[in-house]
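Here's a quick look at charged contacts and a pocket. Have the structure open while you read.

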Amino acid sequence: SIDPPEHRAMRSLVNKVFTPRAIEALRIMVTETVERFLSAAGDGEFDVVQDFSVYFPVDVITQMLGVPEKFRQQVRLWIDESLPREPGQIDMSESGMQAMAEMWLMYSQLIQERRASPRDDMISALIAAEVQRDDGTIDRLRDSEIAGFATLLGGAGAETVTKLIGSAAVTFAHHPEQWQQLLADRRKIGVAIEELLRYDAPVQYNVRRSNVDVTVHGVTIPAGAPVFLLGASANRDPDAWTAPDVFDIHRDRSEAQNLAFG
């Protein structure tokens, strides 16, 4: 919802936190979290979303942020309350706005606690971070920016993984031979996840607004117009991908740009 150069400054903070080395350092925490919720789902039949994937992603991302355990699943419930829309409804519901306000207050209190007593978590890192403002000055993030940042990460990091796990279970159920190939060679997990993201992404579209008049395929989109960008359609574009409607974990990832996350 923000443009460069402010967007670049905020994006750079994410890039520092989500480097391959930083993520590798979280492997034990993530593995333990996944195994804890998978064990709780039981050894028999269970609903892969309702009994498993709805829980662990938000627990992972809120642990990274530094959210106390008692609030981690509450963050998921607040996000769930903010998202639904009835037909014709554009704005958030009153209960959704109340949920977002409560989450904002939780993060604001956490920020104050970390300012007084920093820890090894993302909230503390954001408090210590320096950003370059539009006028070129170097500044610290405001509490409202950190709270907004945490709210965005908590939602984006949780819901997307929940959806990806659900679609992965369905997709592999329809392609059991590729599931067996993945079990036989775990080195294919990375490319398999890329293909799952291309084939049925958790984020189907983005909405943006044009800054200037722009002509695409002979149609002029006027400045200030909302633009509905269907990334899921682009990921099935036959001009970009070979056999785009075919799920293939052996696909050449260099064929085109995967637009699963924008």
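What follows is a short tour of salt bridges first, then one pocket.

Keep in mind that this is a predicted model. Across the whole structure, a search turns up 16 salt bridges, and three of the pairs below come with some context on where they sit.

**Salt bridges**

- D80 and R76 pair up through their side chains at 3.9 Å, N to O. They sit four residues apart in helix 6 (residues 69–82), so about one helical turn separates them.
- The two ends of that pair don't share a burial class: D80 is partly exposed at 37% relative accessible area, while R76 is buried at 15%.
- D143 and R115 form a salt bridge at 2.6 Å, N to O. This one ties together distant parts of the chain, with D143 in helix 9 (residues 143–174) and R115 in helix 7 (residues 94–116), 28 residues apart.
- D143 is partly exposed, at 27% relative accessibility, and R115 is partly exposed too, at 37%.

**A buried pair and its network**

- R251 and E195 meet at 3.1 Å, N to O. Here too distant parts of the chain are linked: R251 lies in the segment after helix 12 (231–234) and E195 in helix 11 (residues 189–199), 56 residues apart.
- Both of these side-chain partners, R251 and E195, are buried.
- They also belong to a salt-bridge network that takes in E195, R198, R251 and E255.

**The second largest pocket**

- This pocket holds about 410 Å³ of space.
- Its lining has 16 residues, with L26, M64, D120, D121 and M122 nearest the centre.
- Helix 5 (56–65) and helix 8 (122–128) each contribute at least two lining residues.
- By class, the lining splits into nine nonpolar, two polar and five charged residues.

Technical notes
Residues numbered from 1 in each chain as written. Predicted model: local features only at pLDDT ≥ 70, side-chain atom pairs only at ≥ 80, totals over all residues. Heavy atoms only, no water. 1 Å grid on protein atoms, 1.4 Å probe; cavity = no way out; pocket = protein on both sides within 12 Å on 5 of 7 lines; lining within 4 Å. Points joined across faces, edges and corners; volume = space filled by probe spheres on them. Nonpolar A, V, L, I, M, F, W, Y, C, P; charged D, E, K, R; others polar. Salt bridge = Lys/Arg side-chain N within 4 Å of Asp/Glu carboxyl O. Buried < 20%, exposed > 50% of the residue type's maximum accessible area, 1.4 Å probe, protein only.
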